[in-house]
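Me: Could you take me closely through one part of this chain, the place where its helices pack against one another, and follow it down to single residues? I would like one connected account, with each term explained as it comes up.

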Amino acid sequence: MALVEQDSEDPWDLPELKDTGVPWSALDTKGKVLRVLVSVLKFIILLGLLYMFICSLDILSSAFQLVGGRAAGDIFQENSILSNPLAGLVIGVLVTLLVQSSSTSSSIVVSMVSSGILTVQVAVPIIMGTNIGTSVTNTLVAMTQAGDRSTFRRAFAGATVHDFFNWLSVLVLLPLEVASGYLYRVTELIIESFQIESGEAPDLLNVITDVLTEAIIQLDESVIGGIASGDSDARNKSMIKIWCQTILQNVTVPGVENCTFPTLCWVEGNYTVIVKNITVNSNHLFVNTNLPDLAVGLILLALSLLVLCSCLVCIVKLLNSMLKGQVASVIKKILNTDFPFPFGWVTGYIAIVVGAGMTFIVQSSSVFTSAITPLVGIGVISIERAYPLSLGSNIGTTTTAILAAMASPGDRLGNALQIALVHFLFNISGIILWYPIPFTRFPIRMAKSLGNITASYRWFAAVYIILCFFVLPLLVFSLSLAGWQVLVGVGVPLVVMLIVVVVINVLQKRKPGFLPAGLRSWDFLPLWAHSLDPWDKVVVAFTAKCCCCCKCCQGSNDDQGHEDQESVEQSTEMRKAAYDNPAMAVEKEVEDEIKIELDIIKVAKL
């Protein structure tokens, strides 16, 4: 209910990043040279950390594919389930969460459409679901900044503004697509109107990152597609790529008598050289492993998460040390200042173009949005500027899919390109809905409200992620399996109740006179039904209890012998005192009973 309106107090002013060091004017020549060298070194380290961050995301995607790739293929193979639009949407979300790569899940959909297993109409909701699933990465990245309340408020809002845009776009465009086939019909007209020839998708940032990632792990992308297509041979294959290639290579031999083909043999100084066929195998860390795909995936998952979180923490700390004083002022002014009147409205659209271009360069919306999330957290980029950057990121990742679809064979080009254009048109339509008119920028207000909530109750961030990306999709998927009757019977009352609650909440904030006296506040409900305070007390008590138990368990082994000895000594002294003074023994027994009762009351309260 609190996601609709903001609080009256606005805590979203960007903080001043003060420079606590010695001013530049107070430094001598040696100090200025040293500061410049340190700044250059920090910038180089920052580039290295960003490179490792991007590579860890790539390896994380490969790890999720190894862990859940076969399950993803099995889900996509259930064509009867996919015919339900809601089920297709949820499957797109879950599979993208499973493989942590919208490009992977989208490529599966494209291959299935081009092979005739799925129709374009059935694949449209799945593409919408992949758009939602890819936004969970930057939301998880924001969780690493939970240490500081203000930083976490901004970071979580900057990450979830992407989530709310995707969810709101689906809430409008999915019913529109089911009713009219809007995305399908428009993209079909585009495909029929233009004569598009096959091409090749460019490799941009992958040229740099593949040097490291392909040395660690290489996956056979055709295996998941084969599983989804029902290929029994693909199901028995490992997703770890093992390939060999025969090439001609110059080899030295002891003498001319070892030349099997004189025409391919010659002498260079003291060496005899012959041209031979040499078999070259794929070279990566797990090429000859005997471990199953699941074990390799879990190993890579743990290592990539460790590197990912470490790089992110170091990037945030390094940015905090670099973006101070005049540097921070200049960067914040460039990023957050609008063009002068009457061209201020152009600034947001330029930010959309910048976000699309940067995402096209890094070829991953998750990488770009995860990179700007820490900048929002430390106060360099405002939420209002991060929003158009995220929208541009959505467009940038679709252009890469379009270029990849253009590399398809001629007989499959039309369907593959149409699905890629569906993804592109979906994001363009969402931008038209939720950006041009300032009043319609609901994702910003909703993200700020959620940021305020998570700043006060930080545990709610984990609840939000679990509910929105796991519980809700699984619930809708389960109802879809039960049939349309069950889905409508359960889903429609819940949706109607949610709409009524939102409307009442808005009227309570803006026009309370329009409501009956009993509905002008939620006080008639139990406190736990309209406030997070009781739940916060439960979480705090549970956490304190767990911490207490952990501390007790940790120290019990060391102190057990000492405590037993003290108990024996106290018992002996009490018995001696009881023999000497019986009245004092009775008084001591009453005091012990009172203490036991007080302890029981404390435990009951917890």
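Reply: Among contacts in the chain (heavy atoms within 4.5 Å) between residues at least 6 apart in sequence, 76% join residues at least 24 apart. The model is a predicted one, in which local features need pLDDT of at least 70 and side-chain atom pairs count only at pLDDT 80 or more, while totals for chains, interfaces and linings use all residues. Residues are numbered from 1 along each chain as its sequence is written, and side-chain values use heavy atoms, with hydrogens and water left out.

The chain holds 23 helices and three strands (DSSP runs numbered from the N terminus, H or I of at least four residues for helices and E of at least two for strands). Of its 606 residues, 40% are buried (under 20% relative accessible area, against over 50% for exposed and in between for partly exposed, with a 1.4 Å probe and protein chains only).

The part to look at closely is helix H18 and its partner H7. Helix H18 covers residues 442-456, and its 15 residues reach 22 Å from the first C-alpha to the last, close to the 21 Å expected at 1.5 Å a residue (the expected span is 1.5 Å times one less than the number of residues). Twelve of the 15 residues of H18 are buried, so this helix is largely enclosed by the rest of the structure. Among those buried residues are Pro443, Ile444, Met446, Lys448, Gly451 and Asn452. Helix H20 (residues 484-510) can be set beside it: H20 has 27 residues and reaches 38 Å, close to its expected 39 Å, and its buried residues are Leu487, Gly491, Ile504, Asn505 and Gln508.

Two packed helices are described by the angle between their axes and the distance between the axes. For H7 and H18, the axes come within 7 Å and cross at roughly 140° (axes are lines fitted to C-alpha atoms, for helices over the stretch in contact, and angles run from 0 to 180 degrees between N-to-C directions). That makes H7 oblique to H18 (under 35 degrees counts as roughly parallel, over 145 as roughly antiparallel, 65 to 115 as roughly perpendicular and the rest as oblique). The crossing of H7 past H18 is right-handed (the near helix is turned clockwise from the far one by less than a right angle, whereas anticlockwise would be left-handed). On the H7 side, the residues that meet H18 include Arg149, Phe152, Phe156, Thr160, Phe164 and Phe165, and their partners in H18 include Pro443, Ile444, Met446, Ala447, Leu450 and Gly451. The residues of this contact divide into 14 nonpolar, five polar and three charged (Ala, Val, Leu, Ile, Met, Phe, Trp, Tyr, Cys and Pro count as nonpolar, Asp, Glu, Lys and Arg as charged, and the others, Gly among them, as polar).

Phe165, which sits in helix H7, ties this packing to another helix. Phe165 is buried, with a relative accessible area of 1%, and, neighbours within four places in sequence aside, it is in contact with Tyr387, Leu391, Asn394, Asn427, Gly430, Ile431, Trp434 and Pro443. Although Phe165 and Gly430 are 265 residues apart along the chain, their C-alpha atoms are separated by 7.5 Å. Asn427 lies in helix H17 (residues 410-434) and is likewise buried, with a relative accessible area of 1%. Leaving out neighbours within four places, the contacts of Asn427 are Asn131, Phe165, Asn394 and Thr398.

H7 (residues 149-180) also packs with helix H8 (residues 182-193), at an angle of about 70° and with the axes 6 Å apart; the two helices are therefore roughly perpendicular to each other. Here Leu173, Leu176, Glu177 and Ser180 in H7 meet Tyr182, Leu183, Tyr184 and Arg185 in H8, a contact of five nonpolar, one polar and two charged residues.

Another packed pair is helix H6 (residues 136-143) with helix H19 (residues 459-482), whose axes lie 11 Å apart at an angle of about 165°. That makes H6 roughly antiparallel to H19, and H6 passes H19 in a left-handed crossing. Val136, Thr139, Leu140 and Met143 in H6 meet Ala461, Ala462, Tyr464, Ile465 and Phe469 in H19; by class, these residues are eight nonpolar, one polar and no charged.
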